[in-house]
Structure formats: structure tokens, C-alpha cells
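Reader: Please take me through a single part of this structure in close detail. I would like the strand pairing first, then any aromatic contact.

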Amino acid sequence: MNPREKQDAEFDKVADAMLRRLERAVSVFDPDEVEVEMAGDVLNLTLGSGQKIVINRHRAARQIWMAAQRKAWHFDPDADGNVWKVGEAELTATLEQALSSLLSRPIKLQLR
């Protein structure tokens, strides 16, 4: 395996782990409220209102991208891949804020 392939594999491992943690955290919602679908490296959340949140890994940029409410974020991982941030915005907190706004109630995700 060449160095680039090794870096890609390492990124895929930490990004996929984060996406799976997010998937588990949002799958506790009633499917009528938030439908959760993981397709490849894309996590799709479809709310009962029809609005969507899309979260995916982007290997070339080595980021996790999120789109919601006509906004997009490109989160970079910390050294361990446990915290994903862009500026002061953190992935989980940003997802909680988007869900809170769209569901009109405070949301706190339990990542495991």
C-alpha cells in the first residue's frame, strides 16, 4: 500500500466511525419525525416536514461535509478523528442546532 492509499484508508476509518456514531445517535428519533438512511458514505436525514440534512465524508478534502437549512459546513478532524470542526463550529453541535431548529425543540445527541 502506498502512502496515499494508507492515508485514505486511515481517513476513511475515522470518518466512517464518526458517521456511524451520528447515525446511531439520530436513529433514536421516531421515523415519522426523522427518517435516517445511510447509503455508502452519505448519511441522509429526512424530517417529517420534508426538509433534509445530508452528512457525508469527502475523502479528497479529508473532511466531513454537512448541508442543512441552505447552509454547508466542511469539518476537519482532530488528530484522533473524534472531534470535527470548522472554525469554532463542531460537527455534533452543529447537527444538534440544525435539528433543534427544524424540530422546534432542544436536541442533545448521545454519541456512542
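Author: Here is the strand pairing, followed by the aromatic contact.

This is a predicted model, where local features need pLDDT of at least 70, side-chain atom pairs count only at pLDDT 80 or more, and totals for chains, interfaces and linings use all residues. Residues are numbered from 1 along each chain as its sequence is written, and side-chain values use heavy atoms, with hydrogens and water left out.

Start with β3 (residues 52-58) and β4 (residues 63-68). They run antiparallel and are joined by six bridges. Helices (H or I, at least four residues) and strands (E, at least two) are DSSP runs, numbered from the N terminus. Two strands pair if DSSP finds at least two bridges between them. Four residues separate β3 from β4 in a hairpin. In that turn, Arg62 has a positive phi of about 55°.

Next comes β5 (residues 71-77). Five bridges pair β5 with β4, again in the antiparallel sense. This hairpin has two residues between its strands, and Gln69 in the turn has a positive phi of about 50°.

Now look at Ile64 in β4. Arg57 stands opposite Ile64. In β5, Phe75 is the bridge partner of Ile64.

On to the rings. The structure holds one aromatic pair (ring centres within 6.5 Å, using the six-membered ring of Trp; planes under 30 degrees apart are stacked, over 60 edge-to-face, the rest tilted). The ring centres of Phe11 and Trp84 lie 6.1 Å apart with planes at 75°, so the pair is edge-to-face. Phe11 sits in helix α1 (residues 3-26) and Trp84 in strand β6 (residues 84-86), so the pair ties together parts 73 residues apart in sequence. Both Phe11 and Trp84 are buried (under 20% relative accessible area, 1.4 Å probe, protein chains only; exposed is over 50%, partly exposed in between).
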